[in-house]
Amino acid sequence: MGVGALSVWEQSSTARVMAPARPRKLAKVPFVELADGRLQGVVSSGSDIGRVYVSSVAARTYAFSCSTNNNRPCGGAHGMFCKHIQALVGEAVLQYGAERVARYLALEPPDGVPDAQSLTAAMTATRPEKADSSAAAQVFNRFLRHLAYLELTPVTSPLPEMQWFPPTRAVA
């Protein structure tokens, strides 16, 4: 490849994505991310197909929040992590690996090989407080935006809303 030649991925409107640590099923936790100083994501309801929960755990303090997509508080998040947050931690470990999740959350997991259960136990041992759910709308909005991208036809031309990315090098 010459100096001026661009690789195939540099010519497309897509970017490289880090492969998940292990494959995961998207039905239970369709969206998980480490962003804004939190582990956050969207977790499907086990009882109502039309309901999802927006859950998050803050780095360092492990303050947690869980509410439905229409801002109703989760009934299981009373002084401890609910099943939605536990599922979120589990899927984050599958997506990013336990070590990366622990580093991001500034968590010292117990000795041995960390897993979702040991990370959750280490966080709950600090007696985290319930946080406000003010970020839930932003997280849910990002989830909806990701869903919209899935409906697009794959193309190699640039997407207008992605034009803010700086070019990697000038094209002659």
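This is a short tour of one helix and one sheet in a predicted model.

**Stop 1: helix α1.** Select residues 83-96 to bring up α1, a helix of 14 residues. From its first C-alpha to its last it reaches 20 Å, close to the 20 Å expected at 1.5 Å a residue. Now turn on the side chains and look at what surrounds them. Of the 14 residues here, 10 are buried, so α1 is largely enclosed by the rest of the structure. To see which ones, pick H84, I85, A87, L88, V89, E91, A92, V93, L94 and Q95.

**Stop 2: the neighbors of α1.** What do the buried residues of α1 pack against? Color the strands β1 (31-35), β2 (38-44), β3 (52-58) and β4 (64-68), then add the helices α2 (98-104) and α3 (116-124): these are the packing partners. Before moving on, click G97, just after α1, where phi is positive at about 95°.

**Stop 3: the sheet.** Keep the four strands and hide the rest. You're looking at an open sheet ordered β1-β2-β3-β4, with antiparallel pairing. The edges are β1 and β4, each of which pairs on one side only. Tilt the view to follow the twist, which averages 10° from one strand to the next.

Zoom in on β1 and β2, which run antiparallel and are joined by 5 bridges. For one bridge to click on, take L34: its partner in β2 is L39.

**Stop 4: helix α4.** Finally, bring back residues 136-150. That's α4, which packs on the sheet and touches β1, β2, β3 and β4. Line α4 up against β1 and you'll find their directions make an angle of about 125°.

How values were computed
Residues numbered from 1 in each chain as written. Predicted model: local features only at pLDDT ≥ 70, side-chain atom pairs only at ≥ 80, totals over all residues. Heavy atoms only, no water. Helix = DSSP H or I, 4+ residues; strand = E, 2+ residues; numbered from the N terminus. Expected span 1.5 Å × (residues − 1). Buried < 20%, exposed > 50% of the residue type's maximum accessible area, 1.4 Å probe, protein only. Contact = heavy atoms within 4.5 Å. Pairing = 2+ DSSP bridges. Axes fitted to C-alpha atoms, helices over the stretch in contact; angles between N-to-C directions.
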